[in-house]
Amino acid sequence: MAMSEFKRTDIIKGANFFQGNVDGQVIDSGAIHVEEAMAVEKGQCAGTRTVAFPCINGDLAKFLVETVKSWPITAEVTYSLNVTGKSHKLVVQHIRTVGQAQGQPPASVKA
């Protein structure tokens, strides 16, 4: 398995984790939800989307869930690119919070 790491500054919109047992199997997982620009080259989309990236373990996401009081945030995120045969996967290795990011205004509710 080939693996390379890179860092980038991202806007993190949220995080989730689970640490526990399911059917006798230990689960330790987490993910961050990152804002990404959509590919607008073909003219079929515009704006941004939120993409979930898995964390190396639940502790990375748990730290954000328990300490961040206001979302979204800006963070320096270290990713590893794991390549096996024909597949590849980005996994979050480290998160260093930088500060508050400007959030989207709340969606209006139509009655």
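This report covers a salt-bridge network and one helix in a predicted model.

**Salt bridges**

The count comes to 6 salt bridges. Three of them are listed here, each with its N to O distance.

| Pair | N to O distance |
|---|---|
| Arg8 and Asp10 | 2.9 Å |
| Arg8 and Glu36 | 3.1 Å |
| Glu36 and Arg49 | 3.6 Å |

Which residues do the shared partners join? Salt bridges with partners in common link Arg8, Asp10, Glu36 and Arg49 into one network. Arg8 pairs with Asp10 and also with Glu36. Glu36 in turn pairs with Arg49.

The pairing has a simple general basis. Side chains of opposite charge can pair when their charged atoms come close.

**What the network connects**

Take the pair Arg8 and Glu36, at 3.1 Å. Arg8 sits in strand E1 (residues 2-22) and Glu36 in strand E2 (residues 25-37), so this bridge ties together parts that are 28 residues apart in sequence. Next comes the pair Glu36 and Arg49, at 3.6 Å. Arg49 belongs to strand E3 (residues 48-54) and Glu36 to strand E2, so here the parts tied together are 13 residues apart in sequence.

**Exposure of the partners**

Are the acidic partners Asp10 and Glu36 buried or exposed? Asp10 has 7% relative accessibility, so Asp10 counts as buried. Glu36 has a relative accessible area of 18% and is buried too; the cut-off for buried is under 20%. The arginines fall in another class. Arg8, at 28% relative accessibility, counts as partly exposed. Arg49 is partly exposed as well, with a relative accessible area of 45%.

**Helix H1**

Helix H1 spans residues 58-67. Which of its residues are buried? They are Gly58, Leu60, Ala61 and Leu64. Viewed down the axis of H1, these buried residues fall within an arc of 165°, so they line one face of the helix. The general geometry is familiar. An α-helix has 3.6 residues a turn, so residues three or four places apart point the same way.

The start of H1 carries a polar contact. There, a side-chain oxygen of Asn57 comes to within 3.0 Å of the backbone nitrogen of Asp59.

Key:
Residues numbered from 1 in each chain as written. Predicted model: local features only at pLDDT ≥ 70, side-chain atom pairs only at ≥ 80, totals over all residues. Heavy atoms only, no water. Buried < 20%, exposed > 50% of the residue type's maximum accessible area, 1.4 Å probe, protein only. Helix = DSSP H or I, 4+ residues; strand = E, 2+ residues; numbered from the N terminus. Arc of directions from axis to C-beta. Polar contact = N/O pair within 3.5 Å; in protein donor to acceptor, adjacent residues only side chain to side chain. Salt bridge = Lys/Arg side-chain N within 4 Å of Asp/Glu carboxyl O.
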